Amino acid sequence: MQLDKAPNTAVLISDIEHLYFSGTSYLGVAVLPEFQEIIFKNIKNWGTSYGSSRNANLKLNVYKRGEDFLSTFINNEDCTTVSSGTIAGQFAISTLEKIVDAFYFMPKTHPAILAKNALPVFEENDLNSLLINQKKETICIVVDAIAALETKPYNFNFLQEISSQKKVFLLVDESHSFGILGENGNGISATINIQNNIEIVTVSSLTKAFGINGGVISGTNKFINLIRENPLFVGSSGMNPAFLESFLDGQDLYKNQQKKLQENCTYVYENLKYLDKINISKNYPVFL
């Protein structure tokens, strides 16, 4: 089925209007006139694209302002933006491949952060025995904050069972929680209870809830500097500056939309929670 106009809450098919309950524009800003005006204004200032390297001698200040804001918002030491969420995942994985000994994955992990030869975290409902032995090594566990076809975040209590001999990088894809869950939509990573041997790296698309093409990688200053030194990062164009500026300018609008979203989630939950065949959560805009 081909459309000649982006769907909103309804979609026109063969001249008949149908309600539309799909897609990942969780805050609905992509087709919101007020947000589009913010985009138009910033395109006039920054242009429709900017193809220069992030390491060029002339730098745009919007990248520093945007990434400083995102670091604080995500509650991590540092972050950098890239052109998409998938690219963010690929940069994180390619950097981790140089510093970890083994990768492990949780079920339904997105391909963007799924390393080659990764092993399952669980085997027949038990924690993988390789995670609880006393071998000293650096490992990475990759996981989506909320897996596909689920309505609640993962329970991360299993992290407490991993051997303290392991240095653990926990790579969390927040693409379907960023802008929706957490404090003011800052995701769930900040709520994960971790020990000293665990370091969280977060990647996310900004295209879904926030309605702008781009991606973000956050972590310690040391890890993000490794991303910035990656030749592919150095040689690639950055995120569209007009969109990053629009992300900053749109904060009040995002909060408004988050409030509306939560009201709608509560309404739908209260009316559908009694139906056994529907999987639904009060705080998340997905039902199956």
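A residue is taken as buried when its relative accessible area is under 20%, as exposed when that area is over 50%, and as partly exposed in between. By this criterion helix H6 of the present structure, which is a predicted model, is mostly covered, with eight of its nine residues buried. The buried residues of H6 are Pro241, Ala242, Phe243, Leu244, Glu245, Ser246, Phe247 and Leu248. Their cover includes helices H1 and H2, strand S3, which comprises residues 78-82, and helix H7.

Helix H7 comprises 22 residues, 251-272, and its geometry was compared with the expected value: at 1.5 Å a residue the helix should span 32 Å, and the distance of 31 Å between its end C-alpha atoms agrees with this. The residues of H7 that are buried are Gln251, Leu253, Tyr254, Gln257, Gln258, Leu261 and Cys265. When H7 is viewed down its axis, these buried residues fall within an arc of 135 degrees, and they therefore line one face of the helix. On the other side of H7, Asp252, Lys259 and Tyr267 are exposed. The elements that cover the buried residues of H7 include helix H1 (33-46), helix H2 (61-74), helix H6 (241-249) and strand S13 (284-287). Helices H6 and H7 thus appear in each other's cover, H7 being among the elements over the buried residues of H6 and H6 among those over the buried residues of H7.

Glutamine 257, which is found in helix H7, illustrates this arrangement at the level of a single residue. With a relative accessibility of 10%, glutamine 257 counts as buried because the cut-off for that class is under 20%. When neighbours within four places in sequence are left aside, the contacts of glutamine 257 are with Leu27, Gly28, Val29 and Leu32.

Charged pairs were examined next. Side chains of opposite charge can pair when their charged atoms come close. The count of salt bridges in the model comes to twelve. In one of them the side chains of arginine 54 and glutamate 67 meet, with an N to O distance of 3.0 Å. Since arginine 54 lies in the loop between H1 and H2 whereas glutamate 67 belongs to helix H2, this pair ties together parts that are 13 residues apart in sequence. Both arginine 54 and glutamate 67 are buried.

A further salt bridge is formed by lysine 108 and glutamate 150, whose closest N and O atoms are 2.9 Å apart. This pair links distant parts of the chain, 42 residues apart, with lysine 108 in the loop between strand S4 (102-105) and strand S5 (119-120) and glutamate 150 in the loop between strand S8 (137-144) and strand S9 (166-173). Lysine 108 counts as partly exposed at 42% relative accessibility, and glutamate 150 likewise counts as partly exposed at 32%.

Helix H7 also takes part in a salt bridge, in which the side chain of glutamate 270 meets that of lysine 282 at 4.0 Å, N to O. Because lysine 282 is located in the loop between strand S12 (280-281) and S13 while glutamate 270 lies in helix H7, the pair ties together parts that are twelve residues apart in sequence. The relative accessible area of lysine 282 is 36%, which places this residue in the partly exposed class, and glutamate 270 is also partly exposed, with a value of 32%. In addition, Lys135, Glu137 and Lys166 are joined into one network by salt bridges that share partners.

The loop between S4 and S5, which holds lysine 108, also holds asparagine 117. The phi angle of lysine 108 is near 65 degrees, a positive value in a residue other than glycine. For asparagine 117, phi is likewise near 65 degrees and positive, again in a residue other than glycine. In accessibility, lysine 108 counts as partly exposed at 42%, whereas asparagine 117 counts as exposed at 73%.

On the surface of the model, Leu19, Phe21 and Phe287 form a nonpolar patch, with about 380 Å² of accessible area together. Phenylalanine 21, one of these residues, is found in the loop between strand S2 (16-19) and H1. With a relative accessible area of 66%, phenylalanine 21 is exposed.

Conventions. Residues are numbered from 1 along each chain as its sequence is written. This is a predicted model: local features need pLDDT of at least 70, side-chain atom pairs count only at pLDDT 80 or more; totals for chains, interfaces and linings use all residues. Side-chain values use heavy atoms; hydrogens and water are left out. Helices (H or I, at least four residues) and strands (E, at least two) are DSSP runs, numbered from the N terminus. The expected span of a helix is 1.5 Å times one less than its number of residues. Buried means under 20% relative accessible area, exposed over 50%, partly exposed in between (1.4 Å probe, protein chains only). The arc is that of the directions from the helix axis to the C-beta atoms. Contact means heavy atoms within 4.5 Å. Patches are made of residues with over 30% relative accessible area and no salt bridge: like charges are joined within 9 Å, nonpolar side chains (Val, Leu, Ile, Met, Phe, Trp, Tyr) within 5 Å. Accessible areas come from the Shrake-Rupley method with a 1.4 Å probe; for residues, only the protein chains shown count as cover.
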